[in-house]
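Reader: I have a model open and want a quick walk through it. Can you take my questions as they come?

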Amino acid sequence: MQKIAVAADLAIQRLCSLALAIAALIIGLLAAVGAADIFGTSLLYHPVPSTVEFSEAGLAILVFLGLAQAQRRRAHITVDIVSGKLKGWAAKASLGLALIAAMLFFGFLTWRGYIAAEQSVAVDERSMGQISFWIWPGKILVCFGSGMAMLESFRQFVRLCLGMPETSDDQP
Amino acid sequence: MSDPLIMGAVAIAALLAVAAAGVPIAFSIGLVGAAGMFLTTGATYTVMTFQSLPYAAASEYAFAVIPMFVLMGAIASASGIISELYTAVNRWMEAERGGLFMATAVASAGFAAISGSTVVNAAMFTRIALPEMMQLGYHKGVSAGCIAAAGTFAALIPPSLTFVIFGILTDESIGALFIAGILPGILTAACYVGVIPLLVRLRPDWAPPSVSRFTLREKLTGLKGVWPMLALVFIVLGGIYTGVTPPTAAGALGAVGALFISIVRRRITTSDVWASFKQTAELTAVLFILIIAGLLFSRFLVISGFVTELTDIVINSGLSANMFIVLMVLMYLLLGMFIDPLSMLVMTVPFIFPVVKGYGLDPIWFGVILCKMIEIAVITPPVGLNLFAVVSASEGRVSISDMYFGILPFVVIELVVLLILILFPAISTYLPTTMM
């Protein structure tokens, strides 16, 4: 069991890192395209085509791909005025409740994200701007990001149930 | 449970209970909102909302302003722009008794103009200013209090993340909110600089007698460290004010500008840039999931009829608009003692804002007042986010009890500024009316 947990930890950690790396790359692209568009519009009177559509698609991808790493580091904002004072089994119960809520929330997002991606692929959804590009790969990535966050919450929940210590980047 | 008021009240109580049990705010709000929607409208509407709303919110062009300003702040922090700014201001102010307090206030206001996060601001200045304050014999509690309080300028001085989230939740112009925050932000910093000399005169043990350690030449040389901040402020706020750039594009320009300045001055490495990108991606995810949950909850409150009923009851109760504002101030100060600012914003704005509009109050002015209250909330004991940020970043130099004592004078200054902003709305509303 321990070996399986360690292997699963490693696999999920790598997927989280990969998702975050893609999100980070998109941040850089959004900044570059946004700045180029302003320069182009103001100085050359030639805006970068489809900047708005690209920014919209990129933003959705980066938001959902960053979720898993945020969950891994328990970076989501928590009011710990009561739960922070809990010890022993009460603290574990509080953490367990938080992880169940995370699984439920991300589970809903993944389920409906999957359906949205499926519909998007079925109609070959494309952007409406000057340059028409596929929207469905982005929707698949959105579903993947939510799914990774759910998987990460599940991994933390399993570790909690098995009484395994938190990995160093689990801690808030 | 068909009465919308009872249903809304039960939902708010449930979300507070779930959040108090340790469930992150985003999941508490989102799940309670979903449960409420299910009970009000049934399964189909709920699942369709879960399918459409999160993607729609996360793919809204105007909301891309969040990662852009977070990135600009992250790059500015990593490249040392902030420490140079502090050094420059410090050289000019150290001749006054309490000069380091004033330098912290002025430099914090400067950094707030390129960073929207109060916590980042407070943590940065704890590392930069606190060691020097303590070495020179400044009172450690008041020093920590000054840093924590000055860190809150980022909530009011644009580009403030609090304004962005308020704008998203209320559909108000983020550009107008940014511009509206300029004068109140400057007023707050000016009050600090004006009151600190009086405080140290009354309590000489808080700051040692002044010593001038720098020549005029050194002071002038130090000003070189100010131009990167001024350039970024000019690019971002100038663009928004003149209407050349919408806030999102201004954020992108600011982020690229910060990177360009840092590269030209050789103050940033590739790994710093990559770390800033990753840090921005993670923080963006955290903020957006909170916004998405807030929008889900807000939709539930609207479709259940809670918002309409509450607005009608409050407006018809005979409560005057002024009394309503006083109650708001008390409510936010109380909530702020226990709940972090962004959660407070997401939890309360969906039902408070319609009442504000029902009273015919200026939404931009209310946005400024709300941000000011939130600014005060993050420094109000026992739970003030900035208090903990400073204590944690001080690496054992300051205890939480030192902090609780040291923050009090600054809470009083903030309350006075809040009163001024309530009594003179033009301070907040004048500049947006002159926008191009």
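Reader: Start with a loop residue. Which residues does Pro208(B) touch, leaving out those up to four places away in sequence?
Author: Pro208(B) touches Arg97(B), Leu136(B), Gly137(B) and Tyr138(B). Keep in mind that this is a predicted model.

Reader: Where does Pro208(B) lie?
Author: Pro208(B) sits in the loop between α10 and α11 (216-222) of chain B.

Reader: And how many residues apart in sequence are Pro208(B) and Tyr138(B)?
Author: They are 70 residues apart in sequence. In space, their C-alpha atoms are 6.1 Å apart.

Reader: New topic: backbone oddities. Which peptide bond is cis?
Author: The one from Pro158(B) to Pro159(B) is cis, with omega near 0°. Pro159(B) is in the loop between α8 (140-151) and α9 (161-170) of chain B.

Reader: What about Asp171(B): is its phi positive or negative?
Author: Positive, about 65°, although Asp171(B) is not a glycine. Asp171(B) lies in the loop between α9 and α10 (174-202) of chain B.

Reader: Why flag those?
Author: Most residues other than glycine have a negative phi, and most peptide bonds are trans.

Reader: Now the two chains. How many residues of chain B are in contact with chain A?
Author: 54 residues of chain B are in contact with 55 residues of chain A. The area buried between the two chains is about 4,600 Å². Carbon and sulfur atoms give 81% of that area.

Reader: How many salt bridges are there between chain B and chain A?
Author: The count is 1. Arg73(A) pairs with Glu282(B) in a salt bridge, and the closest N and O atoms are 3.0 Å apart. There are also 7 residue pairs in polar contact across the interface, with both residues at pLDDT 80 or more.

Reader: Which element gives the largest share of chain B's side?
Author: α14(B) does, with 15 residues. Elements giving two or more residues to that side include α1 (4-20), α2 (25-41) and α17 (341-358) of chain B.

Reader: What is the class make-up of that side?
Author: The side of chain B that touches chain A has 42 nonpolar, 8 polar and 4 charged residues.

Reader: Zoom in on one helix pair. At what angle do α1 of chain A and α13 of chain B pack?
Author: About 110°, with their axes 8 Å apart. That makes α1(A) roughly perpendicular to α13(B). α1 of chain A spans residues 2-44, and α13 of chain B spans residues 247-264.

Reader: Which residues meet there?
Author: From α1(A), the residues include Leu30(A), Ala31(A), Ile38(A) and Phe39(A). They meet residues of α13(B), among them Ala249(B), Leu253(B) and Val256(B). By class, the contact has 11 nonpolar, 1 polar and no charged residues.

Reader: Back to salt bridges. How many over all chains?
Author: The count comes to 13. One of these joins the side chains of Arg159(A) and Asp9(A), at 2.0 Å from N to O.

Reader: Which parts does that pair tie together?
Author: Arg159(A) is in helix α5 (residues 136-161) of chain A and Asp9(A) is in helix α1 of chain A, so the pair links parts that are 150 residues apart in sequence.

Definitions and conventions. Residues are numbered from 1 along each chain as its sequence is written. Chains are lettered from A and ligands numbered from 1 in the order in which they are written. Side-chain values use heavy atoms; hydrogens and water are left out. Axes are lines fitted to C-alpha atoms, for helices over the stretch in contact, and angles run from 0 to 180 degrees between N-to-C directions. Helices (H or I, at least four residues) and strands (E, at least two) are DSSP runs, numbered from the N terminus. Angles under 35 degrees count as roughly parallel, over 145 as roughly antiparallel, 65 to 115 as roughly perpendicular and the rest as oblique. Contact means heavy atoms within 4.5 Å. Ala, Val, Leu, Ile, Met, Phe, Trp, Tyr, Cys and Pro count as nonpolar, Asp, Glu, Lys and Arg as charged, and the others, Gly among them, as polar. Buried area is the accessible area (1.4 Å probe) that two parts lose on being put together, summed over both. A salt bridge is a side-chain nitrogen of Lys or Arg within 4 Å of a carboxyl oxygen of Asp or Glu. A polar contact is a pair of N or O atoms within 3.5 Å; within protein, one must be able to donate a hydrogen and the other to accept it, and residues adjacent in sequence count only if both atoms are side-chain atoms.
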